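Work through these exercises with the model open beside you. Try each task before you read its solution.

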Amino acid sequence: MTLTVYAERAGRLWRIAEMCARCAAATPDCRVLATAAPPARTTPAGTDRQTPTPAATARAGVAAVFSDHRPSPTTDASPSPATTPSPAPARVPHTRAASSRASSRAASRPAKRWGKIAQRIVPHDLEPDVLRLELIELGDAFRAYQQRPEPDLPLLAELHERKARAFGLWADVSGDDSLRHEAHRAEKAAQTTLEMHANRGGQAIGDTADGSVPVVERLLTRTQAVHARTVLDYVQAHAPHPEPEVHLAVLMLTLRAARAGAGNVTGQDLTGWLQDDAERVLQLLLDADWLRLPGSIGEVMAARPEGPVAVTVPALLPEQPRPFTFGKVTRARISGWAQRAVGDRKIRKKKATASARLLALYTAAHTRPDGRLGHAQDGGLHLDQATAFCALTPDQVAEHVELLVAADWLAEADIAGDRLRGQLTERVLPLGGLL
């Protein structure tokens, strides 16, 4: 028997107990304080050996300890104080070799680390051990990344990828669905981070002669550009009148009201988009019940930036089927991108019509990373789709394309068959939609 002490509940509760040497060796983080003497063995009959008496054992200094009562010395019928032996003081026996080795191994075994990641405690007994260590290291790595003075998007994407794998394995081990949901979130975060790095650093590879792309600070990420093209398709399908001015107003108002069905506008916004046609276009939208105003058209036109008017688009109200899935940050980015495109300074100087500004926006939304129009396999933009969005006839496209070339929007352009081919100039590459 051994006298041991061991910890429970992550070191918050200590227990002292008697147990056999084998149990002590098998108990995690167990320390052996002392070992009791083995019980005396009985000798077989006919041998000269005799079983030692408890008194003799006590005099030898190996009296049993722990739960046993200390033995009393043997006395005769008429004991005499002079002849009665006094028991020697019992000493605590030394630990046996096996128990000493087990105790040494337990003492040399380091305590398991615990950690925290994504507001979750990593259990100290999580198995397999390599998963526990990976989660702890990831938590430390994320906290170290937050202390960096400058962002490192490739490193952050790698951390998210490691987190996705680790949380997926953790979910398999524990059966916790919330861990699997966290793994999916980490996968999306890694993809978004890589896209941000590609967009901001120009890492995407296009089809230029040397296979490289200029380093450009993009206004939209690839995902945001996909959402922007979704808005353009929606405007083409739901504009109440086939006029370019109506398409332009529907586009800009849709971007303002995309999330809640209502958005703020000022008279300056409307005149910037539509010049002198603003009141007429608003009346067309009101008559078609596509737009609702809290007051009169004159009040909207007189609205100042410090007091904008909230207009409502009934088809985009929350109780209606949602045509868009992006959040408020993406909505603001796309709205700012569209405002930059339709309000381009050089295009305004050429007194471009609403059709020309819509065509400029459409070309920017459908470019590859190197600025060329359309997908590589298509070899340009489909004329029928571009003219439908811009409310143009095919015969009018060439005239507006020449205006965009003169305004330094397109570096080159060519119309052949049913395709519009060309490339954005370097100055407008940040507006490119990254097909």
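Three exercises with solutions follow.

This is a predicted model: local features need pLDDT of at least 70, side-chain atom pairs count only at pLDDT 80 or more, and totals for chains, interfaces and linings use all residues. Residues are numbered from 1 along each chain as its sequence is written, and side-chain values use heavy atoms, with hydrogens and water left out.

**Exercise 1. Two sides of a helix**

Find the buried residues of helix α16 and say which side they take.

Step 1. Fix the terms. Buried means under 20% relative accessible area, exposed means over 50%, and partly exposed is in between (1.4 Å probe, protein chains only). Helices (H or I, at least four residues) and strands (E, at least two) are DSSP runs, numbered from the N terminus.

Step 2. List the residues. Helix α16 spans residues 394–406, and its buried residues are V397, H400, V401 and L404. These cover an arc of only 110° around the axis, so they lie on the same side of α16. The arc is taken from the directions from the helix axis to the C-beta atoms.

Step 3. Recall the rule. An α-helix has 3.6 residues a turn, so residues three or four places apart point the same way.

Step 4. Turn to the other side. There, D395, E399 and E402 are exposed.

Step 5. Look for the cover. The buried residues of α16 are covered by elements including α14 (354–365), α15 (383–390) and β9 (410–416). Contact here means heavy atoms within 4.5 Å.

**Exercise 2. A ring pair**

Classify the pair formed by the rings of Y234 and F324.

Step 1. State the rule. Rings of Phe, Tyr and Trp (its six-membered ring) pair if their centres lie within 6.5 Å; planes under 30 degrees apart count as stacked, over 60 as edge-to-face and the rest as tilted. The count by this rule is four aromatic pairs.

Step 2. Apply it. The centres of Y234 and F324 are 5.1 Å apart and the planes are at 70°, so the pair is edge-to-face.

Step 3. Place the partners. Y234 is in helix α7 (residues 222–238), and F324 is in the loop between β7 (309–312) and α12 (328–342), 90 residues apart.

Step 4. Check burial. Y234 is buried at 10% relative accessible area. F324 is buried at 7%.

Step 5. Widen the view. Ring pairs link Y234, F324 and F326 into a cluster.

**Exercise 3. A small task on strands**

Give the strand order of the open sheet of three strands.

Step 1. Strands pair if DSSP finds at least two bridges between them.

Step 2. The order is β8-β10-β9, with antiparallel pairing.

Step 3. β8 (381–382) and β9 are the edge strands, each pairing on one side only.
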